[in-house]
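Hi,

Here's the structure I promised to pass on. Have a look first, and my notes follow below.

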Number of protein chains: 2
Amino acid sequence: MTQDNFTIKQISALFDLPASTLRYYEELGLLEGVERTSSNQRIYHQNHVERLNAIQCFKDAGMSIQELVRFFQYEKDEAGSIDDILNLLQTRKELVETQLSNMKKSYKHLQKKIKFYSAIKEAKINNKPIPKWDDYK
Amino acid sequence: MTQDNFTIKQISALFDLPASTLRYYEELGLLEGVERTSSNQRIYHQNHVERLNAIQCFKDAGMSIQELVRFFQYEKDEAGSIDDILNLLQTRKELVETQLSNMKKSYKHLQKKIKFYSAIKEAKINNKPIPKWDDYK
DNA sequence: AGTTGACTTAAAGTTAACTTGAAGTTATAT
DNA sequence: ATATAACTTCAAGTTAACTTTAAGTCAACT
């Protein structure tokens, strides 16, 4: 029997999110069916952990909170909206593809800049001629 | 002789940024030495184009405007701050590495979700049993 | 029994990154 | 010459995503 109820503090630690954010997500409808103890404190379950993992993932993919709300609503209306879901996912997938390629480009840019400034540093130390950025582009 | 002066409109089109954003960047110090025509309109040069390319790149790498301002200031103070620059770049490089790996993870998540919902769609059309998400995780 | 600390709500506040508006000047088209 | 379009400044407004505050309840320790 794996543990299946968590306090807000545990969830907060687990996802490195302030408790206020968890309440905020709940208020927006991203976390549903959060139960309470007899003294009104929140109890989270495994399904919330999974939901939060999904949220992290989608956020990393650049989804806005609005979009997330929409997505989980679609998922609940198991009914018709599969095309809506697929549409949203497909669009997001394409966005992530461009983001990935942009980010790889900037990663290379960073690497070049680092090499360039390391070379400058070297040159200064050894009193050698200062390199030119144009040679690193 | 390659063209080397651009109106705000041209730059705006080139980078798909509203003119207001270009003025804003200038106000923040991201774009320096923007000259004016006799009638006070901005003239941009090749160096601004390059700067904006760098800005795009760094922004894709997740740098905030504040950080960009700081970076370009360091770059100007050719003097001592090479360690500061390298530090900033190195930190950013590491951040980009985790972002990249997170984003790749979410990309896979998206792909799985798409497969899953495509399968549901298929199943509905052909009146077959509805697949379970657990089989796709 | 009293204090400390973790929780609760609801509302107001914050921050980043723009964006818009108002009011004025200059440039272009008819 | 006159309308309209493109620029200018400066200040105020917007949006997303939280975050903080105030005021209260409840549980746990000493």
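One local detail to start: right after H2 of chain A, A:Gly29 has a positive phi of about 95°. This is a predicted model, where local features need pLDDT of at least 70 and side-chain atom pairs count only at pLDDT 80 or more, while totals for chains, interfaces and linings use all residues. Residues are numbered from 1 along each chain as its sequence is written, chains are lettered from A in the order in which they are written, and side-chain values use heavy atoms, with hydrogens and water left out.

H2 itself spans residues 19–28 (helices are DSSP runs of H or I, at least four residues; strands are runs of E, at least two). Its buried residues (under 20% relative accessible area, 1.4 Å probe, protein chains only) are A:Thr21, A:Leu22, A:Tyr25 and A:Glu26. Down the helix axis they fall within an arc of 140° (taken from the axis-to-C-beta directions), so they line one face of H2(A).

Now the interface. Chains A and B bury about 3,600 Å² between them, 74% of it on carbon and sulfur atoms (that's accessible area, 1.4 Å probe, lost on being put together, summed over both). A:Met103, A:Leu110 and A:Tyr117 supply 19% of what chain A buries there, more than any other three residues. Each chain puts 39 residues into the contact (heavy atoms within 4.5 Å).

The rule finds 6 salt bridges across it (Lys or Arg side-chain nitrogen within 4 Å of an Asp or Glu carboxyl oxygen). B:Asp83 makes one with A:Lys121, closest N and O atoms 2.9 Å apart.

Cheers

Note on methods. Buried < 20%, exposed > 50% of the residue type's maximum accessible area, 1.4 Å probe, protein only. Buried area = accessible area lost by both parts, 1.4 Å probe.
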